[in-house]
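Reader: I am new to this structure and would be grateful for a guided introduction. May I put some questions as we look at it together?

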Amino acid sequence: MIRTRSLAADGSRLRRPASLALPSAWGAVAVAWKFWCPLARQPGLPMRIATSVVFLTVGIGLVLGLRRGLARELARVRAVAAATQRVLLRPPPARLDGLALAAGQLSATRGASVGGDLYEAVATPHGVRIVIGDVRGHGLAALGAVVAVLGSFREAAHDEPELGGVLRRLERALERHLRERARDEHPARSGTEPQHPAAEEFVTLLLLEIRSDGRLSVFNCGHPGPYRLGRRVEKLPVGDPLPPLGVLPLPAVLVPYTAAALLPGETLVLHTDGAEEARDHRGRFFALDTTLAGMAGEAPAVLVRRVHAALLRHTGGRLADDVALFVVRNDRVRVPAQPAEPGLRRSRPAPSSHC
């Protein structure tokens with residue numbers, strides 16, 4: 001891997017001068033024309049025009065060479081960013097244990113395809129477990145916390161039988177990341193650990209589990225609640241919020257909220273706060289609930305695209321914060337209870353008579 005990166009870097013360094021080779025040759029010819037060609041030193045308007053044309057051609061060649069090199073460099077950077085996004089925020093499978101899934105993100109950082117939002121879904125023996133979160137701030141600076149939380153979730157979701165155990169693992173992973181970051185940015189002279197590392201950085205998240213019967217278990221750590229689309233659009237209750245990870249320690253006893261369900265045919269729309277806090281040029285907030293009202297029957301992937309398009313129209317393409325959407329539709333079939341056949345019904349024993 002290191003050898004491959006080295007070769008790629010060497011190739012990139014070799015390609016940059018190559019893109020300027022022809023314009024540089026033109027420049028050398030122009031200089032030779034100006035100082036060593038007898039015709040260029042002759043007085044008169046025609047020779048001045050000819051010299052100006054030569055130097056103008058050289059200038060245009062240099063600009064085009066630089067532009068071509070920058071375009072290739074930008075294409076490589078975009079390819080790396082797209083590969084990073086596919087690894088870091090990999091798109092969920094279209095179907096997972098009877099659920100239809102889709103997700104997408106809009107980054108507030110111009111030219112960036114990744115930011116401070118995170119999401120993931122995995123199928124486990126305990127149910128489908130989903131996390132969506134938002135690191136304080138946006139853009140490339142938040143990627144370290146995103147990597148820490150997502151990496152921990154992908155392991156803990158399979159290992160921990162209880163959803164509270166998954167949340168504890170996420171908290172420990174974020175604390176470890178913040179300590180390491182604080183040590184790198186502000187190394188302690190005495191060798192001791194920082195007392196309150198990166199106190200300004202925290203993560204809000206929603207952690208939920210969808211069981212086979214559609215019942216939900218939810219932990220809400222300061223994150224916006226999802227919308228449930230069925231016969232109507234409603235804000236799904238998720239219980240009393242816990243503090244965001246990284247602000248205060250989690251309580252000693254973690255009890256998930258279990259009074260909600262996602263029935264067959266219903267859709268759950270999880271989102272980060274950038275969706276509801278997006279404003280237009282007049283300062284009006286984006287009405288996510290009203291937008292979702294006309295999308296109850298849409299497939300998850302179509303719903304994500306339509307909400308993103310509505311957000312960009314509302315803000316004029318100028319987002320103040322990253323926006324992530326994660327849509328889950330319960331496509332499991334509800335099996336009605338079958339009545340027992342008449343011949344299989346138990347008959348009560350006849351009362352016995354005693355003489």
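**Surface, core and sheet**

Author: A nonpolar surface patch of about 280 Å² is made by Leu-56, Ile-60 and Leu-64. Patches consist of residues with over 30% relative accessible area and no salt bridge (a side-chain nitrogen of Lys or Arg within 4 Å of a carboxyl oxygen of Asp or Glu); like charges are joined within 9 Å, and nonpolar side chains (Val, Leu, Ile, Met, Phe, Trp, Tyr) within 5 Å. Accessible areas come from the Shrake-Rupley method with a 1.4 Å probe, and for residues only the protein chains shown count as cover. This is a predicted model, in which local features need pLDDT of at least 70 and side-chain atom pairs pLDDT 80 or more, while totals for chains, interfaces and linings use all residues. Residues are numbered from 1 along each chain as its sequence is written, and side-chain values use heavy atoms, without hydrogens and water.

Reader: Is Leu-56 buried or exposed?

Author: Leu-56 is found in helix 3 (residues 45-88); helices (H or I, at least four residues) and strands (E, at least two) are DSSP runs, numbered from the N terminus. Buried means under 20% relative accessible area, exposed over 50%, and partly exposed in between (1.4 Å probe, protein chains only). Because its relative accessible area is 54%, Leu-56 is exposed.

Reader: Which helix gives the most to the largest nonpolar core?

Author: A nonpolar core is a set of buried Ala, Val, Leu, Ile, Met, Phe, Trp, Tyr and Cys residues joined through side-chain atoms within 4.5 Å. The largest one has 50 residues, and Leu-167, Leu-205 and Val-328 have the most contacts inside it. With seven residues, the greatest contribution to this core comes from helix 4 (residues 143-159).

Reader: Is His-177 buried or exposed?

Author: His-177 has its place in helix 5 (residues 163-185). Leaving aside neighbours within four places in sequence, His-177 is in contact (heavy atoms within 4.5 Å) with Gly-144, Ala-145, Ala-148 and Glu-201. Since its relative accessible area is 16%, His-177 is buried.

Reader: Which strands are the edge strands of the open sheet?

Author: Six strands form this open sheet with antiparallel pairing, in the order 1-2-10-9-7-8; two strands pair if DSSP finds at least two bridges between them. Each edge strand pairs on one side only, and these are strand 1 (95-96) and strand 8 (233-235).

Reader: Which residue stands opposite Arg-228?

Author: Strand 7 (residues 227-229) pairs with strand 9 (residues 267-271) in the antiparallel sense, over three bridges. Opposite Arg-228, in strand 9, stands Leu-268.
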